[in-house]
Amino acid sequence: MTGLTFAAIAIFFVVAGLGGVMYIDHRFALTVQGRVYTVKGRKVETEDPYVRKQFRKFYAMRVAYSLFLLVLLFWVTSHVG
């Protein structure tokens, strides 16, 4: 039963992690819609300061969300069983 619980937790966190990051990226794309930019890894190539500012903001949100999920994962798995 514990293995099944861990499997359900793993599936939830994979879906929440990928879905959340994809949603944050989608919100970034909507925010800078119509502006010229290229995202290469952790950097954005653009001449527009608004795009750079928004990229830093949304990248910080991605990092914070990932850390939140990591802490939540440790907390949830420590209370199983």
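Which element of the protein has the lowest mean pLDDT, and which the highest? In this predicted model, β1 has the lowest value, 92, and α2 the highest, 96. The mean pLDDT of the protein is 94, and 100% of its residues reach 70 or more.

The helices are described first. Helix α1 covers residues 2-31, 30 residues in total. From its first C-alpha to its last, α1 reaches 43 Å, close to the 44 Å expected at 1.5 Å a residue. Helix α2 spans residues 49-78 and also has 30 residues. The distance from the first C-alpha of α2 to its last is 44 Å, close to the expected 44 Å. At the N-terminal end of α2, Asp48 acts as a cap, with a side-chain oxygen 3.2 Å from the backbone nitrogen of Tyr50.

Both helices contain buried residues. In α1 these are Ile9, Phe13, Ala16, Gly17, Gly20, Val21, Ile24 and Phe28. An α-helix has 3.6 residues a turn, so residues three or four places apart point the same way. The cover over the buried residues of α1 includes β1 (38-40) and α2. In α2, the buried residues are Val51, Gln54, Phe55, Phe58 and Leu69. These residues of α2 pack against α1, β1 and β2, the last of which comprises residues 43-45.

The largest nonpolar core has seven residues: Ile24, Phe28, Val32, Val44, Val51, Phe55 and Phe58. Two elements, α1 and α2, give two or more residues to this core. The most come from α2, which gives three. Within the core, Phe58 touches Ile24 and Phe28. Phe58 also touches Arg27 and Thr31, when residues up to four places away in sequence are not counted.

Gln54 is located in helix α2. Gln54 counts as buried because its relative accessibility is 7%, and buried residues are those under 20%. Outside its neighbours within four places in sequence, Gln54 is in contact with Phe28, Thr31 and Val32. Of these contacts, Phe28 and Val32 are listed in the largest nonpolar core, and Phe28 and Thr31 are also touched by Phe58.

Three salt bridges are present in the structure. Side chains of opposite charge can pair when their charged atoms come close. One of the salt bridges is formed by Asp25 and Arg62, whose closest N and O atoms are 3.4 Å apart. This pair links distant parts of the chain, with Asp25 in helix α1 and Arg62 in helix α2, 37 residues apart. Asp25 counts as partly exposed, at 34% relative accessibility. Arg62, at 27%, is likewise assigned as partly exposed.

Another salt bridge joins the side chains of Asp48 and Arg35, at 2.7 Å from N to O. This pair also links distant parts of the chain: Asp48 is in the loop between β2 and α2, Arg35 is in the loop between α1 and β1, and 13 residues separate them in sequence. The Asp48 side chain is joined to that of Arg35 by a polar contact of 2.7 Å as well. Asp48 is buried because its relative accessible area is 18%, where the limit for a buried residue is under 20%. Arg35 is partly exposed, with a relative accessible area of 38%. Asp48 therefore has a place among the buried residues, while its side chain takes part in the salt bridge with Arg35 and in the cap of α2.

A further salt bridge is formed by Glu45 and Lys40, with 3.8 Å between the closest N and O atoms. Glu45 counts as partly exposed, at 44% relative accessibility. 

The loop between α1 and β1 also holds Val36. Val36 is exposed because its relative accessible area is 72%, and the exposed class begins over 50%. The C-alpha atoms of Val36 and Asp48 are separated by 7.7 Å, although the two residues are 12 residues apart along the chain. Val36 is thus an exposed residue, whereas Asp48 is a buried one.

Notes
Residues are numbered from 1 along each chain as its sequence is written. This is a predicted model: local features need pLDDT of at least 70, side-chain atom pairs count only at pLDDT 80 or more; totals for chains, interfaces and linings use all residues. Side-chain values use heavy atoms; hydrogens and water are left out. Helices (H or I, at least four residues) and strands (E, at least two) are DSSP runs, numbered from the N terminus. The expected span of a helix is 1.5 Å times one less than its number of residues. Buried means under 20% relative accessible area, exposed over 50%, partly exposed in between (1.4 Å probe, protein chains only). Contact means heavy atoms within 4.5 Å. A polar contact is a pair of N or O atoms within 3.5 Å; within protein, one must be able to donate a hydrogen and the other to accept it, and residues adjacent in sequence count only if both atoms are side-chain atoms. A salt bridge is a side-chain nitrogen of Lys or Arg within 4 Å of a carboxyl oxygen of Asp or Glu. A nonpolar core is a set of buried Ala, Val, Leu, Ile, Met, Phe, Trp, Tyr and Cys residues joined through side-chain atoms within 4.5 Å. pLDDT is the predictor's confidence in each residue, from 0 to 100.
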